[in-house]
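Student: Can you walk me through this one? I'd like to start with some helix packing and then go to the chain interface.

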Amino acid sequence: MEKLGVGIGWRPEIDLTVEQLPGVDFVEVVAENLHVSHLPESVLLLRERGVPVLPHAVSLSLGGAEPVDAQRVAHLAALAEALDAPLVSDHVCFVRAGGLDSGHLMPLPRTRDALDVLVANVKAARQDLPVPLALENVAALLEWPDGELTEGQFLAELVDRTDCHLLIDVANLYANARNLGTDVSRFLDEIPLERLAYVHVAGGEEHQGVYHDTHAHAVIPEVLDVLAQLRARVDPPGVLLERDDDYPADAELAGELAAIRAVLG
Amino acid sequence: MANSWTPASVGSTPEPWHAGHGQAGLGQHGLGRHGSGQNGSGQNALGQNALEPEEQAFLAGGPGRAAEVAVVALLDAGALRISREGLVSGVQGHGRARTPLQACVLRSVPRSLGDLISVTADSAEAQALRQHLISRGLVVSPGRRRAVRRARQLVVAAAVGAVFAKIALDLPFAVAGGAVVGALLVSLVLGRARRPLTGAGRLAVRRLRQATVSSDRLVLVAAYGLLGRVERRYVWSVLGIEPSAAATLRRRTSGSGPDSGGCGGCSTSSSGSDSGSSDSGGSSCGGGGCGGGGGGD
């Protein structure tokens, strides 16, 4: 996989911050928030500088029982071409069913039937995408009953059957470890790290005994510890800091990027 | 709702201006706490309490201008950030307001720069600032301005009546002419009294604008507004605001906003004359101050 370095999620509120932060090797944009025909000036400026811009989708609903929406895939494909992106990504989840949107990245039942559906949708989407697709593990507050596979096994089979890449969110992994008892070491041992495209790091907070992956708080040391465990196994092609709300001062964001670099060594 | 203008009551720390926002500009002209004309008790040569940048801005350009100063002060303090496209948002952990108008700004984000200034200019806090300036004798109250307007209308009606009387009753020309000239003179005097600022307010604006070039960003905004020009450059450009962000700014129309008292306003420039307040080096489009603002509604 192409070496990406250390990056940060580009968001309209912090566009100038992202442009000015030192050592931002790549950025990620939320695909659904951009229009191909009217890309933000800041994004175009970053592209002119040669900074890779990776579209990250949140609405393909690849784990949903319904066929993937061709228009959403087409938008992602067009964005990838407009940005000359090396890859695109979405999540291992579903976000709609029966005509209703959940507004959340809903976890999938880890059954072979659910995996078959996911694999079929991923294969269908990949046919219309001009670049590789990476899929991200989500944070969940519940596990569906009668699971047949661990999360690591589920992702490993998904990669094996679709040839997709992995986008591993260590904050989501930490959240699942805290809330659902996911074994971090086992997860990292089970996934095919050679298919790792890049890594997400984000902040969160505990509320009433439940850890929430808010993307609106500072990255906690425990999440960096998970990153360190991953780093002990593989040198990830890229690591990206996600922040989606309640943005801190530029210096604090720079500090979080520095902390990530320190873990990567 | 803000019922009074008490900067020190918001937040527990001293106002930022006490810490010094740069000493250039007004400091050379004795206006405000920056000035050499300010005495040890925080009063200027007129015996007035020193004017804060938001107060100066309100006098020079109305609530929109005061809102601009509040926004720029928060940007400079790191409490806000502005995007390339003009989206203004809060910075986590730095959201401390030093004035009621700043508190209003912080409550109103995220919002585009233009909308933020409009909302703040139309806020209860801006209205409270107006009342505060009225109570300090710097701004004429809307009631007084209405009364003067009615009196002026009566005088004009009397002059018209004198002309009709000359025709209908064949009054001596000297009587009718004297009545008309007298009415015109009274109307002229009343016209001056109808202006939005008092003499002290106009003096404050005149002194503010004597600082044609200032390294103090807040003074610059207060004097000219974000859409104003200094040395052929827009103030927003001088401050480092992106053109696409400045494009969200709108010139504030005359009479907009709550109880604007008819004070029109536009962005100001460093040259030209202020037709409303008879101050030199002022507004590019008149209005004399208190209802306008470069980036207002």
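Tutor: Sure, one definition to begin: axes are lines fitted to C-alpha atoms, for helices over the stretch in contact, and angles run from 0 to 180 degrees between N-to-C directions. This is a predicted model, where local features need pLDDT of at least 70, side-chain atom pairs count only at pLDDT 80 or more, and totals for chains, interfaces and linings use all residues. Residues are numbered from 1 along each chain as its sequence is written, chains are lettered from A and ligands numbered from 1 in the order in which they are written, and side-chain values use heavy atoms, with hydrogens and water left out.

Student: At what angle do helix 8 and helix 9 of chain A pack?

Tutor: Helices here are DSSP runs (H or I, at least four residues), numbered from the N terminus. Helix 8 covers residues 221–233 of chain A and helix 9 residues 250–264. Their axes lie 9 Å apart, and the angle is about 35°.

Student: Which residues of helix 9 make that contact?

Tutor: Contact means heavy atoms within 4.5 Å. Helix 8 of chain A brings Leu224(A), Leu227(A), Ala228(A) and Arg231(A). Facing them from helix 9 of chain A are Ala259(A), Ile260(A), Val263(A) and Leu264(A).

Student: How many salt bridges does the rule find across the interface of chain B and chain A?

Tutor: The rule wants a side-chain nitrogen of Lys or Arg within 4 Å of a carboxyl oxygen of Asp or Glu. Arg84(B) and Glu19(A) meet that way at 2.5 Å, N to O. Across the interface, the count is three.

Student: How many residues of chain A does chain B contact?

Tutor: Chain B puts in 13 residues. On chain A, the number is 20.

Key
Helices (H or I, at least four residues) and strands (E, at least two) are DSSP runs, numbered from the N terminus.
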